[in-house]
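User: I've got this model open and I'd like to go through the labels people put on its residues. Can you take me through the reasoning behind them?
Analyst: Happy to. Here is what we'll be looking at.
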Amino acid sequence: MAAYGLYTHIRNNRIRSVFLIGGLFLLIYVIVFALALGYRAFTSRGTLDWYLMRAWLDLKMAWPFATVAALIWIAIAYKFNQSIIDFATGAHEVTRKEEPRLWNLLENLCISRGITMPKLKIMPTSALNAFASGLTQAQYSVTVTTGLIEKLDDAELEAVLAHELTHIRNGDVSLMVIATIISGIVGFLAEVMFRSIFDAGGSARPSTWSRRSDSSSSSSSSSSWGGSSSSSSSSDSSDSKGGAGAAILAIIIAIALIFLAWFLSTVIRLALSRSREFLADAGAVELTKNPDAMIMALRKIEGRGELPNNPSAVMEMCVDNPRSGIVDLFSTHPSIDSRVDALVRMAAGHDPGPIHVADDEDFEAEEQAEEQAAPPTETPEVQKPEQRSPFPTIPGMPDNIPLPIPGIGKPFLPSKPPLGERSEPRGGEARGPWGPRGEG
């Protein structure tokens, strides 16, 4: 079906993903067949056709049990996957009060599209990355590193949150978790098979071959008693050689099937991850209407998203995975250049090219260089102004003794006496501080 728009691409991608998940589940039966073939080669004696037929019959008997075991495994992961991811990454949930800037950006995006807001979590690391996880509405969460919060501005941080929110909207998160679980089952069974083969190769196989050699030697010793015995011994010897060769060939086929199943499961899982990054970038532009912010965020994250001490399954869910493969076939993410080029062509964005993001060590180095380059400067002494008394002084007298100010009269007294007359005291005219009484 031809794809003409974003939502058509999303629908077609979901259809292809269903078939790929079905193919992953079939690989479990391939592993079971290989296990049965190896078991028969180690414990029985026969031709290659007999080994293949017995392994096929064993698979027909064991496939219901293998299916139930795989479903139980998926159910356990369905219940505890988020707890396992949080334990592996050290992420913790935050509230609006703890991270108001990040919370408001995510809440606004969810309100604009009528989406239930997922949990918001912070991962304490200086790396620049983010990822979405969860299998159900109650489990969905968006995890952002502290380094990303510090280095990106609001528009770029909003674009990254929109990218992860698109993964949740499109069902990519659930699909990737299921693909990782099934791929893990295939890898686990493959490891069990390889360990069984190499362990049995050192113990059980020689004893089986020695029994066949003993039977061959006994038949050859009895050849001296008659011609018929000689012919039967040669027949047994050829059967023994044929059985040993068929067993070795059956083991080689089993190992090849296990390796093929593991290889295909890895390729399918990585292909599922790569095909969704372009759609998530486009969905982020649709939500924010800002392709330049998404491009700037990708350029800043480029080469700085390594999460130390975290499993590859977590890195495959991130915005960028610097653990790139030898070729594109083994890469979990398309290159940053190809993603930016798609945004430039399809969303009319502008690519600034690779960006240098200064980290704390760069800031410290710049400060030390500035301190060493700048000449030492002496702080000039500030001369304090001379404090003079507001009152007139007489030479030789202390400055802090107030004297009457000429033209003003006596200090600290009003120019006129208070209203009212007082009787003259005995003994003549009395003078007050304002002159003879009754004046004025």
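Analyst: Let's fix one word before anything else: a residue is buried when its relative accessible area is under 20%, exposed when that area is over 50%, and partly exposed in between. Helices here are DSSP runs of at least four residues, numbered from the N terminus. Keep in mind that this is a predicted model.

User: Good. Which residues of α9 are buried?
Analyst: In α9 the buried ones are Pro-291, Ala-293, Met-294, Ile-295, Ala-297, Leu-298, Arg-299, Lys-300 and Ile-301.

User: And what makes α9 "mostly covered"?
Analyst: The count does: of the 11 residues in α9, 9 are buried. Just after that helix, Gly-303 takes a positive phi of about 75°.

User: What is notable about the phi of Lys-289?
Analyst: Phi is positive there, near 60°, in a residue that isn't glycine. Lys-289 sits in the loop between α8 and α9. Its relative accessible area is 59%, which is over 50%, so Lys-289 is called exposed.

User: What about Asn-309: buried or exposed?
Analyst: Exposed: Asn-309 has 78% relative accessibility, and the cut-off is over 50%, so the label follows. This residue belongs to the loop between α9 and α10. Asn-309 also has a positive phi, about 60°, although it is not a glycine.

User: Let's do rings. How many aromatic pairs are there?
Analyst: Searching the whole structure turns up 4 aromatic pairs. One of them is Phe-25 with Tyr-29.

User: Why is the pair of Phe-25 and Tyr-29 called edge-to-face?
Analyst: Two numbers settle that. The ring centres are 6.2 Å apart, which is within the 6.5 Å limit, so they pair; the planes sit at 65°, over 60 degrees, so the pair is edge-to-face.

User: Where are those two in the helix, and why say "one helical turn"?
Analyst: Both are in α1 (residues 6–43), and because they are 4 residues apart there, Phe-25 and Tyr-29 are separated by about one helical turn.

User: How do you know that Phe-25 and Tyr-29 are buried?
Analyst: Phe-25 comes out at 18% relative accessibility, under the 20% line, so it counts as buried. Tyr-29 has a relative accessible area of 18%, so Tyr-29 is buried by that rule too.

User: Then why is the pair of Phe-259 and Trp-262 tilted?
Analyst: Centre to centre they are 6.0 Å apart, with 40° between the planes. That angle is neither under 30 degrees nor over 60, so the pair goes down as tilted. These two are 3 residues apart in helix α8, so about one helical turn separates them. Phe-259, Trp-262 and Phe-263 form one aromatic cluster.

User: What puts Phe-259 and Trp-262 in the "partly exposed" class?
Analyst: Phe-259 is at 48% relative accessibility, which falls between 20% and 50%, so it is partly exposed. Trp-262, with a relative accessible area of 40%, lands in that range as well, so it is partly exposed.

User: How many disulfides does the search find?
Analyst: It finds 0. To count, two cysteine sulfur atoms would have to be within 2.5 Å. On accessibility, Cys-110 is buried because its relative accessible area of 3% is under 20%. Cys-318 is at 0%, so it is buried too.

User: What cavities turn up?
Analyst: The search finds 2 of 30 Å³ or more. The largest has a volume of about 100 Å³. Its lining has 11 residues, with His-167, Asp-172, Met-176, Glu-316 and Met-317 lying nearest the centre. The elements that give two or more residues to that lining are α5, α6 and α8. By class, the lining divides into 4 nonpolar, 2 polar and 5 charged residues.

User: Last one: which residues does UniProt list as "transmembrane region"?
Analyst: The unreviewed UniProt entry lists 18–41, 61–78, 175–198 and 244–268; such annotations may be inferred rather than shown by experiment. In the model, residues 18–41 are 100% helix, with end C-alpha atoms 35 Å apart. Residues 61–78 are 100% helix as well, and their end C-alpha atoms are 27 Å apart.

How values were computed: Residues are numbered from 1 along each chain as its sequence is written. This is a predicted model: local features need pLDDT of at least 70, side-chain atom pairs count only at pLDDT 80 or more; totals for chains, interfaces and linings use all residues. Side-chain values use heavy atoms; hydrogens and water are left out. On a 1 Å grid over the protein atoms alone, a cavity is a set of points where a 1.4 Å probe fits but cannot get out, and a pocket is an open set with protein on both sides within 12 Å along at least five of seven lines; lining residues have an atom within 4 Å of a point. Grid points are joined across faces, edges and corners, and a volume is the space filled by probe spheres set on the points. Ala, Val, Leu, Ile, Met, Phe, Trp, Tyr, Cys and Pro count as nonpolar, Asp, Glu, Lys and Arg as charged, and the others, Gly among them, as polar. Buried means under 20% relative accessible area, exposed over 50%, partly exposed in between (1.4 Å probe, protein chains only).
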